[in-house]
Amino acid sequence: MSAACRADQRPNRPRVVLYTAGAVVAALVLSACTSGGTSGGAGNSGFVSGKDGISTVAKGSRDTAPDLSGETTDGKQLDVADYKGKVVVLNVWGSWCPPCRAETPNLVKVAEETADQGVQFVGINTRDPSTSRARAFEKQQDVPYPSLYDPTGKLMLRFKKGTLNPQTIPSTIVIDRDGKIAARTLQALSEDKLHEMLDPVLAEK
């Protein structure tokens, strides 16, 4: 575990419980620096968890990504479904999250490297109480891609249980050109790890 994670795991540190339509939902709790996930999946999940922490699903067995749409951190409207035909890298982050701060330069670099290869990065900003904090983070990190603003985690609840759903902050998901979930990791990513997730999906025809 990194020093950043150890520093962030203080006693009595509040964990976020997500809400939908104003009702408390205890089904999913997101917190930074937790491991999350179930090795190999369960039931008919069909995904395989590698020793490298990257879970993948064979092309013919993938689940369709849920509706991921709404307002971005800069007040615009975004619908991930509009990127169908591209490979989408979806990253869940918060400006308060040390591992997110550590991995963002790697995401930015790979996003810039692959922009002309049909890859679209999209962030989901969660647990930030205001968009101003999120925007300040994006400006500081020179983030070139948009992020949906999801302070209470409603978008996370749209992923089906037993699929490659995001369970920690940060989480990163790769969505294939058909809008289906191909890979997921529940850890901060280096450039190499991100390419390990992304490149096989990008190479698919």
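## Contacts and the model

Contact here means heavy atoms within 4.5 Å. The structure is a predicted model, and the contacts described below are to be read in that light.

## Overall make-up

The protein contains 4 helices and 11 strands, and buried residues make up 46% of its 205 residues. Of the contacts with a separation of 6 or more, 71% are accounted for by residues 24 or more positions apart. The protein exposes about 9900 Å², and carbon and sulfur atoms supply 50% of that area.

## The nonpolar cores

In soluble globular proteins, nonpolar side chains tend to be buried together. In this model the largest nonpolar core has 25 residues, and those with the most contacts inside it are L68, V80, L90, V122, I124, F159 and I175. The elements that contribute two or more residues to this core are strand 7 (87-93), strand 8 (119-125), helix 3 (131-141) and strand 10 (171-175), with strand 7 giving the most, namely 4 residues.

When its neighbours within four places in sequence are left aside, L90 is in contact with L68, V122, I124, F159, S171, T172, I173 and I175. Apart from the largest core lies another, of 20 residues, which includes V89, A182, L194 and M197.

## Helix 2

Helix 2 runs over residues 98-114 and has 17 residues; from its first C-alpha to its last it reaches 25 Å, which is close to the 24 Å expected at 1.5 Å a residue. The helix nevertheless bends by about 35° at T104, and a proline, P105, follows within four residues.

The buried residues of helix 2 are P98, P99, C100, E103, T104, N106, L107, V108, V110, A111 and T114, so that T104, the site of the bend, is itself among the buried positions. As background to such a list, an α-helix has 3.6 residues a turn, so residues three or four places apart point the same way.

## P146 and its surroundings

P146 lies in the loop between helix 3 and strand 9 (147-149). Its relative accessible area is 25%, and because buried means under 20% and exposed over 50%, P146 is classed as partly exposed.

Leaving aside neighbours within four places in sequence, P146 is in contact with T72, L78, Y83, Q120, F121, V122 and G123. One of these, V122, is also listed among the residues with the most contacts inside the largest nonpolar core. P146 and D74 are 72 residues apart in sequence, yet 8.2 Å apart in space, C-alpha to C-alpha.

Notes. Residues numbered from 1 in each chain as written. Predicted model: local features only at pLDDT ≥ 70, side-chain atom pairs only at ≥ 80, totals over all residues. Heavy atoms only, no water. Core = buried A, V, L, I, M, F, W, Y, C linked by side-chain atoms within 4.5 Å. Buried < 20%, exposed > 50% of the residue type's maximum accessible area, 1.4 Å probe, protein only. Areas by Shrake-Rupley, 256 points an atom, 1.4 Å probe, with all protein chains shown as cover. Expected span 1.5 Å × (residues − 1). Bend = angle between axes of the 7 residues up to and from the residue.
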